[in-house]
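The following exercises concern the secondary-structure packing of one protein chain. Each task is followed by a solution in steps.

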Amino acid sequence: MIEELLVAVAGAAAAAAVYAGAAARVVKQYERGVVFRFGRLRNDVRSPGFTMIVPLVDRLHKVNMQIVTMPVPAQEGITRDNVTVRVDAVVYFKVVDAADALIRVEDYKFAVSQMAQTSLRSIIGKSDLDDLLSNREKLNQGLELMLDSPAMGWGVAIDRVEIKDVSLPETMKRSMARQAEADRERRARVINADAELQASKKLAEAAEVMSDQPAALQLRLLQTVVAVAAEKNSTLVLPFPVELLRFLERSTAGPPGTAATGTASWSATGAGEAAAVTRPFSEAYLRGAADAAARVEPVEDLTGASVEPVPAEDGT
């Protein structure tokens, strides 16, 4: 009797162990359990931890609640300004309602992927090339709104959408490069012209100051000589302005008619005319010229007739 009781207890324990093993389930922290009993949805969604179901009656489906990163394949389209581009993106989404994600859509991941590709093509057709290249934040927000509206009915929430890359044809890249180069050249020319204008104004002001003080021009010339000599060149070509020579002439000039000034008046007579010339010459040159003029002898008048007239015949 006791042996039969022990056998029965052991059999019941074994059956209980088998039932517990078949009914026991573990739901992880980032998952939610959805139970279907005879194909009908149970209202209670199993939370993370240990849970039990009825074997052969209930079926437990685990739904991942983590944020899913889904790359969107590159889509080729024509922008609003008729430029062919290839754009790829990435979508971040997560399941907020595990029951709706299983019931309302067959495969929510595939559905989100197809919807993202369609929305990306629509965004390309509605945007300009400049917007795709420089105003991506606004396009990302518009793409997120287009995806979030139908996804909420599937128990899925779109976290964010990012456009990764925009591929352009080679011809368009070369055109954009030429445009950028032309724009940089234009700005460089404007800057150079502005610099020339400012420099010309400063030079005009400096010229006014130097015109009031002639010595300032000489000081500036000496500064230029010092600057050039600092480079240790073997040959120095220095332009001498005529104004400097005139300035030196005025500074060394004395009373007119003196020998120290190197200026004298001399006259030359010839052919019945007298010409008085006053030129700055050296003292030796003036003495030589005076001696040469003194040695010149006067020439008699040679304007007489060179041929005697023929006598006239009688009766003519």
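**Exercise 1.** Determine which strands helix α3 lies across, and at what angle it runs to β6.

*Solution.* Step 1: α3 covers residues 108–126 and lies across β6, β7 and β8. Helices (H or I, at least four residues) and strands (E, at least two) are DSSP runs, numbered from the N terminus. Step 2: α3 runs at about 35° to β6; axes are lines fitted to C-alpha atoms, for helices over the stretch in contact, and angles run from 0 to 180 degrees between N-to-C directions. Step 3: helix α5 (residues 136–151) also packs on the sheet, where it touches β7 and β8, contact meaning heavy atoms within 4.5 Å. The direction of α5 makes about 140° with that of β8.

The model is predicted: local features need pLDDT of at least 70, side-chain atom pairs count only at pLDDT 80 or more, and totals for chains, interfaces and linings use all residues. Residues are numbered from 1 along each chain as its sequence is written, and side-chain values use heavy atoms, with hydrogens and water left out.

**Exercise 2.** Establish the strand order of the sheet that contains β7, and describe how β6 is joined to β7.

*Solution.* Step 1: the order is β6-β7-β8, an open sheet of three strands with antiparallel pairing; two strands pair if DSSP finds at least two bridges between them. Step 2: β6 (68–78) and β8 (156–167) are the edge strands, each pairing on one side only. Neighbouring strands of this sheet are turned by 25° against each other on average, direction ignored. Step 3: nine bridges join β6 to β7 (residues 84–95). Within this pairing, T69 stands opposite Y92, and R86 is the bridge partner of E76. Step 4: the two strands form a hairpin with five residues between them, and N82 in the turn has a positive phi of about 60°.

**Exercise 3.** Identify the residues with the most contacts inside the largest nonpolar core, and the element that supplies its largest share.

*Solution.* Step 1: a nonpolar core is a set of buried Ala, Val, Leu, Ile, Met, Phe, Trp, Tyr and Cys residues joined through side-chain atoms within 4.5 Å; buried means under 20% relative accessible area (1.4 Å probe, protein chains only). Step 2: the largest such core has 37 residues, and V85, V91 and F93 have the most contacts inside it. Step 3: at least two core residues each come from β2 (31–37), β6, β7, α2 (98–103), α3, α4 (129–134), α5 and β8. The largest share, eight residues, belongs to α3. Step 4: beyond its neighbours within four places in sequence, V85 is in contact with ten residues' worth of surroundings, among them I124, L129, L132 and V166.

**Exercise 4.** Describe the sheet that contains β2.

*Solution.* Step 1: the order is β3-β2-β5, an open sheet with antiparallel pairing. Step 2: its edges are β3 (40–41) and β5 (58–64). Step 3: β2 and β5 pair over seven bridges, and R32 has V63 in β5 as its bridge partner.

**Exercise 5.** Characterise the packing of α6 against α7.

*Solution.* Step 1: the axes of α6 (residues 170–212) and α7 (residues 214–229) come within 4 Å and cross at roughly 115°. Step 2: M210, S211 and D212 in α6 meet P214, A216, L217 and R220 in α7.

Notes:
Buried < 20%, exposed > 50% of the residue type's maximum accessible area, 1.4 Å probe, protein only.
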